[in-house]
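Visitor: I should be grateful for a close look at a single part of this molecule. Would you please describe that part with care and then place it within its surroundings?

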Amino acid sequence: MAVKNVVSWSAMIACYAKNGKAFEALKLFREMMLKTEEDVGPNSVTMVSVLQACAALAALEQGKLIHGYILRNGLDTILPVISALVTMYARCGKLEVAQQVFDGMDKRDVVSWNSLISGFGAHGHGKKAIDIFKDMISCGISPSPVSFVSLLGACSHAGLVDEGRALFQAMRKEYGIIPSVEHYASMVDLLGRANKLEEAAKFIDDMRIEPGPKVWGSLLGSSRIHCNVEFAERASTKLFQLEPANAGNYVLLADTYAEAGKWDEVKRVKKLLESRGLQKVPGRSWIEVKRQIHSFVSTDEFNPQIEQLHALLCELSSEMKEKGYVPQIKVVLYDLGEEEKERIVLGHSEKLALAFGLINTSNAEPIRITKNLRLCEDCHSFTKFISKFARKEILVRDVNRFHHFRDGVCSCGDYW
């Protein structure tokens, strides 16, 4: 475009932010700030997208800078902007600041309330999320379908099965909201994570609408967590028909077979992947240090500190083994020797980001990491040990939820 205005810049930033390209969204925003005049700078629409990008990357320091810009430019009276701020602080691990921003709002709509409910839910504070919902109702705000997606997700992360069942029933009976595929998928996830796979399967059979990929995906994910081959096979059969090009479904089934020691089945699924020309989504992790966002993948050989990172991880692993750390090598989908499997898990992207954080942050400064996939069992165990071993507060947000590690304990209670 020969001439770009605030609308065109904002539209492109929103495209990136809404399509999993948060890193690119922030890069484009910086470019916008350099190239636009003060009188045509970013507006409230731009701010919402930029805050969404900060939230996606847990880029707290950049989020704070955006908050400052919002205050200086009088955008703090616009509801969508403040709701996005609540979400950003919550997803960056600052629940207390999210609550402060929410409490300081002159007026709130259902989106504002949903932002707070979702934030507490993602951190595993299910009962708190339900209390906020009750406060919302008492303030005369009618819940939206999104309210119940957030609530059921909160119940799932906290293992609140009875509360989740009651909320699902209340949706239709008390609030006249017809459950959508997202609500059904959340219920299957809630039951499945609680190892009530039989009930989850019956719930799917009794659905009033056609189960889609989200519902079967929830059952497959839960089957993987509990290593239930029967239900994993049932869910994946449906998913291979509905989403033949989604490599993640094949990987989850292969993971389940690997944990069950069924290596012939693992090879069969991997051949199926190859025959269809599909590739597993590579694990990627991000960490913000000194307002700079750094990205890591397990095969990253271009980072100037990569050798130092690997050396530190090897040293930490050896020292932690003496303290009781046992590498969870079952997560490796290859029939290899133990030493080789340990080498593979030690190179996971979140461990590289963690090592980078340990080298480049002060002792008192928490480490914040974002992962594009689910945190594996070994990285979860490793990070718990590091938080105690290095006396470091570590926050990791994966694709499912938030993990807050401190003194060798995770906020998820090892339930994720």
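**A Close Look at Residues 144-179**

Guide: Across residues 144-179, helix accounts for 81% of the chain and strand for 0%, while the C-alpha atoms at the two ends of this stretch are 11 Å apart. These values are computed from a predicted model. The stretch carries a name in a record: an unreviewed UniProt entry lists residues 144-179 under "repeat: PPR", together with residues 5-35 and 109-143. One of those listed stretches, residues 109-143, may be set beside it: there the chain is 74% helix and 0% strand, and the end C-alpha atoms are 10 Å apart.

The surroundings may now be considered. The chain contains 20 helices and 6 strands. Its radius of gyration is 22 Å, close to the 22 Å given by the globule rule for 416 residues, so the chain is as compact as a globular protein of that length. Measured out along the principal axes, its C-alpha trace spans about 65 × 55 × 45 Å.

Of the 416 residues in the chain, 50% are buried. Where contacts join residues at least 6 apart in sequence, 65% of them link residues at least 24 apart. The chain exposes about 20,000 Å², of which carbon and sulfur atoms supply 52%. As for charge, there are 52 positive and 51 negative side chains, and the centres of these two sets lie 1 Å apart.

Terms used: Residues numbered from 1 in each chain as written. Predicted model: local features only at pLDDT ≥ 70, side-chain atom pairs only at ≥ 80, totals over all residues. Heavy atoms only, no water. Helix = DSSP H or I, 4+ residues; strand = E, 2+ residues; numbered from the N terminus. Rg over C-alpha atoms; globule rule 2.2 N^0.38 Å. Buried < 20%, exposed > 50% of the residue type's maximum accessible area, 1.4 Å probe, protein only. Contact = heavy atoms within 4.5 Å. Areas by Shrake-Rupley, 256 points an atom, 1.4 Å probe, with all protein chains shown as cover. Lys, Arg positive; Asp, Glu negative; His and termini not counted. Charge placed at Lys NZ, Arg CZ, Asp CG, Glu CD. UniProt positions renumbered as here; feature names shortened; annotations may be inferred.
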